[in-house]
Amino acid sequence: MNRPSIVLVTCHDLGTYLHCYGVPTPATPNLDRLAGEGLQFTNAFCVAPQCSPSRSAIATGRYPHSNGVMGLTHHPFDWDLYPDEKHIAQILKDLGYATFLLGHQHVTTNPSRLGFDLMFHDRRGEAVVNEFRRIVQAHDFQASPAYFEINLNQTHRPYEGEGLDVQSQREVFVPGFLPEAPESRDEMLQFYRSVEVADKLVGDVLEIVDQYGLRNEIIFVFTTDHGIAMPRAKCTLYDPGLRVSLLLRWPAGSFPTGQKIDSLVSNVDILPTLLAMIGIDPLPEFLQGKSFLPSMVDDRAVRDEVFAEKTFHSYYDPMRAIRTDRYKYIVNFESSFLVEVPGDIQMGVIFRRFTQLYSATQHPVIELYDLESDPLEEHNLAGNPDYADIERDLRGRLLQWMEATDDPLLQGPVASPSYRKALNVLKESP
């Protein structure tokens, strides 16, 4: 009997801003349906609040500082997977899967190394859906299972979409970490329109799966790379940058439907979990993530904490963090701006109106937050004697993780591809 096929759908910069996650403004009936037919993870986090590093963890089951993608992979940044890293497509191909990439890939400068049998790079949503339909119609699923990686361009800026039945800006949900101002409602409204476009595209993919009778042959996963592209979210290690949507549907009867899994999970755990779900035992030793299959069975916790990192995005801004159910501990290794605001967010009206909120000061070396009493992470408790034991414990656990994963930051500042390129030019013989 064939192993089940896998469809992994990702969006950009979505966070958890779906109706099924309690956000009232966008209508997301298709993703709500997926949550109702499968499992919804309410405490899922990414390992990095930027596209390439986060996606590299999904693809390899390893942290960015271990797999090599510590910054963006497109030019001129040019980060890449280390030569011996295995992508999920290659791993599944070695297990007999046909492998298909539809949409954008952002984990390597050389896509041919990833292990896909077919790569369709058109980023237009309608084109991606049509190509998925064509392949499903042509593929013999009895001869081999298939792995589809569908990377939608939504909800990356610039936003697309129209409609959204709201009577006024006052009805637009604005998260608490953004200023309460018309500019916030305006940008969030544009974002929600793009969310609705993404939801329709996912609905089209689900319809194709049902149309060709594959509902009970496919593991269907939906997630996003990191938090939304708003100030103090994307590119930060605060929860708005790290919390992600994660919905998973297995063939009917595998698990109770409509369940919410509250245990902590990380997107570095997605690959180990998929391998466990298709019967790979034991899991490859090179994986750093953990299978959360036990959490899917009875919501049993497989983690006491999740780890997160940032090294490069627009500039060098290295930081590492540990997050438990209640506390967040962040170490900032350089004295950069209070928060990094990437170029696409700087073009928005929120940043242009409230620049001083994000750029007037530098972030502290250590940050400690009690997420139960301070969910917006506004009151830094580092150095507070009442929290000394907690700070000591989290510091030790974070250092232990960095040592266990051979984090290069422990050896000193990390050189970027741009640095190495410049040094090579400088040392060229005249």
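## Strand β6 and its neighbours

T99 stands opposite Y147 in strand β6. The strand that pairs with β6 here is β4 (residues 98-103), and the two run parallel, joined by 6 bridges. This is a predicted model. Strand β1 (residues 5-11) also pairs with β6 in the parallel sense, over 5 bridges, and V7 stands opposite F148 in β6.

Strand β6 spans residues 146-151, and 6 of its 6 residues are buried. A146, F148 and I150 point one way from the strand, while Y147, E149 and N151 point the other way. Both sets are buried.

## The largest cavity

There are 2 cavities of 30 Å³ or more in the model. The largest cavity has a volume of about 120 Å³. It is lined by 14 residues, and those closest to its centre are R55, I58, A59, E149 and N151. E149 and N151 are thus named twice in this report: they point the same way from β6 as Y147, and they are among the residues closest to the centre of this cavity.

Strands β1 and β6 and helix α2 (51-60) each supply at least two residues of the lining. By class, the lining divides into 6 nonpolar, 6 polar and 2 charged residues.

## The second largest cavity

The second largest cavity has a volume of about 70 Å³. Of its 14 lining residues, T236, L237, Y238, M319 and L338 are the closest to the centre. The elements that give two or more residues to this lining are β12 (316-323) and β13 (327-332). The lining has 7 nonpolar, 3 polar and 4 charged residues.

Y238 also takes part in a contact with a charged side chain: R232 lies over the face of its ring, at 4.1 Å from the ring centre. Another arginine, R420, has its charged end over the ring of W79, 6.0 Å from the centre of that ring.

## Aromatic pairs

The structure holds 15 aromatic pairs. One of them joins F307 and W401, whose ring centres are 4.6 Å apart; the planes meet at 5°, so the pair is stacked. F307 belongs to strand β11 (residues 306-312) and W401 to helix α13 (residues 388-404), so the pair ties together parts that are 94 residues apart in sequence. Both F307 and W401 are buried.

F312 and Y316 form a tilted pair, with 4.7 Å from centre to centre and 35° between the planes. The two partners fall on either side of the 20% cut-off for burial: F312 has 11% relative accessibility and counts as buried, whereas Y316 has 21% and counts as partly exposed. F312 lies within the residue range of β11, and Y316 within that of β12.

## The largest pocket and an aromatic cluster

The largest pocket holds about 370 Å³ of space. It is lined by 17 residues, of which T16, Y17, D239, P240 and R243 are the closest to its centre. The lining comprises 10 nonpolar, 4 polar and 3 charged residues.

Y17 links this pocket to the aromatic residues of the model. It is one of the residues closest to the pocket centre, and with Y159, F191 and Y192 it forms one aromatic cluster.

Conventions
Residues are numbered from 1 along each chain as its sequence is written. This is a predicted model: local features need pLDDT of at least 70, side-chain atom pairs count only at pLDDT 80 or more; totals for chains, interfaces and linings use all residues. Side-chain values use heavy atoms; hydrogens and water are left out. Rings of Phe, Tyr and Trp (its six-membered ring) pair if their centres lie within 6.5 Å; planes under 30 degrees apart count as stacked, over 60 as edge-to-face and the rest as tilted. Helices (H or I, at least four residues) and strands (E, at least two) are DSSP runs, numbered from the N terminus. Buried means under 20% relative accessible area, exposed over 50%, partly exposed in between (1.4 Å probe, protein chains only). A charge sits over a ring if NZ of Lys or CZ of Arg is within 6 Å of the ring centre and within 35 degrees of the ring normal. Two strands pair if DSSP finds at least two bridges between them. On a 1 Å grid over the protein atoms alone, a cavity is a set of points where a 1.4 Å probe fits but cannot get out, and a pocket is an open set with protein on both sides within 12 Å along at least five of seven lines; lining residues have an atom within 4 Å of a point. Grid points are joined across faces, edges and corners, and a volume is the space filled by probe spheres set on the points. Ala, Val, Leu, Ile, Met, Phe, Trp, Tyr, Cys and Pro count as nonpolar, Asp, Glu, Lys and Arg as charged, and the others, Gly among them, as polar.
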